Amino acid sequence: LESGVSAGTVTFGRPDDDARRVDIEAGVSGIVLRFPRDEGVRVTVSEGLSGVESGAGWIKSREGGSRVYESERFSSDSAYWDVYIESGIGGITLQYY
């Protein structure tokens, strides 16, 4: 998914039987990512001038120069969403539904 100057919402369904990789490149934008509450999710955000709002239910860590957010149900041994975000300036919101 590529976006320039924009705002939008992406709602994810259930992943299939393994990891599903999603790459998002966002310039100057605000993006809301919505995931099923009972699914495994791993979101990696490259360093930039983007703020990330994640709320409760996300485990936050750092890997190298990236911020990593994992859902409480994340396990690399089962199906999960594996989202990589490169963002310039903007806001990223992680939500459950």
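Strands here are DSSP runs of at least two residues, numbered from the N terminus. With that in hand, here are some notes on this predicted model.

1. Let's start with glycine 57. This residue sits in the loop that runs between strand E4 (49-53) and strand E5 (58-63). Is glycine 57 buried or exposed? Its relative accessibility is 17%, so glycine 57 counts as buried, the cut-off for buried being under 20%. Setting aside neighbours within four places in sequence, its contacts are Glu70, Ser71, Glu72 and Tyr96. For orientation, the C-alpha atoms of glycine 57 and arginine 34 are 13 Å apart in space, with their positions 23 residues apart in sequence.

2. One of those contacts, glutamate 70, deserves its own point. Glutamate 70 belongs to strand E6 (residues 66-71). Beyond four places in sequence, glutamate 70 touches Val41, Arg42, Gly57, Trp58 and Ile59. With arginine 42 there is a side-chain to side-chain polar contact of 3.0 Å, and the two residues also form a salt bridge, with 3.0 Å between the closest N and O atoms. This pair connects distant parts of the chain, since arginine 42 is in strand E3 and glutamate 70 in strand E6, 28 residues apart. Do have a look at the surroundings here: arginine 42 and glutamate 70 are both buried.

3. How many salt bridges does the structure hold? There are seven. Another of them joins arginine 14 to glutamate 39, where the closest N and O atoms are 2.9 Å apart. Again distant parts of the chain are linked: arginine 14 is in the loop between strand E1 (2-11) and E2, while glutamate 39 is in the loop between E2 and E3, 25 residues apart. Arginine 14 counts as exposed because its relative accessibility is 54%, whereas glutamate 39, at 14%, counts as buried. Arg14 and Glu39 also belong to a salt-bridge network together with Asp38.

4. A further salt bridge pairs aspartate 23 with arginine 21, with 2.9 Å between the closest N and O atoms. Aspartate 23 is partly exposed, at 40% relative accessible area, and arginine 21 is exposed, at 53%.

5. Arginine 21 also gives a reference point for glycine 40, as their C-alpha atoms are 12 Å apart in space and the residues 19 apart in sequence. Glycine 40 lies in strand E3. With a relative accessible area of 5%, glycine 40 is buried. Not counting neighbours within four places in sequence, glycine 40 is in contact with Ser71, Arg73, Phe74, Ala79, Tyr80 and Trp81.

6. Now to the nonpolar core. The largest one has 17 residues, of which Leu33, Phe35, Val43, Val83, Ile85 and Leu94 touch the most other members. Strand E2 (19-35), strand E3 (40-46) and E7 each contribute at least two residues to this core. Which strand gives the most? That is E7, with six residues. Leucine 94 is worth a click: leaving out residues up to four places away in sequence, leucine 94 touches Leu33, Phe35, Val43, Val52, Glu53, Ser54, Trp58 and Tyr69.

7. Finally, the surface. Val28, Leu49 and Ile89 make up a nonpolar patch there, with a combined accessible area of about 300 Å². Isoleucine 89 is part of strand E7 (residues 80-96). At 47% relative accessible area, isoleucine 89 is partly exposed.

Methods: Residues are numbered from 1 along each chain as its sequence is written. This is a predicted model: local features need pLDDT of at least 70, side-chain atom pairs count only at pLDDT 80 or more; totals for chains, interfaces and linings use all residues. Side-chain values use heavy atoms; hydrogens and water are left out. Patches are made of residues with over 30% relative accessible area and no salt bridge: like charges are joined within 9 Å, nonpolar side chains (Val, Leu, Ile, Met, Phe, Trp, Tyr) within 5 Å. Accessible areas come from the Shrake-Rupley method with a 1.4 Å probe; for residues, only the protein chains shown count as cover. A salt bridge is a side-chain nitrogen of Lys or Arg within 4 Å of a carboxyl oxygen of Asp or Glu. Helices (H or I, at least four residues) and strands (E, at least two) are DSSP runs, numbered from the N terminus. Buried means under 20% relative accessible area, exposed over 50%, partly exposed in between (1.4 Å probe, protein chains only). Contact means heavy atoms within 4.5 Å. A nonpolar core is a set of buried Ala, Val, Leu, Ile, Met, Phe, Trp, Tyr and Cys residues joined through side-chain atoms within 4.5 Å. A polar contact is a pair of N or O atoms within 3.5 Å; within protein, one must be able to donate a hydrogen and the other to accept it, and residues adjacent in sequence count only if both atoms are side-chain atoms.
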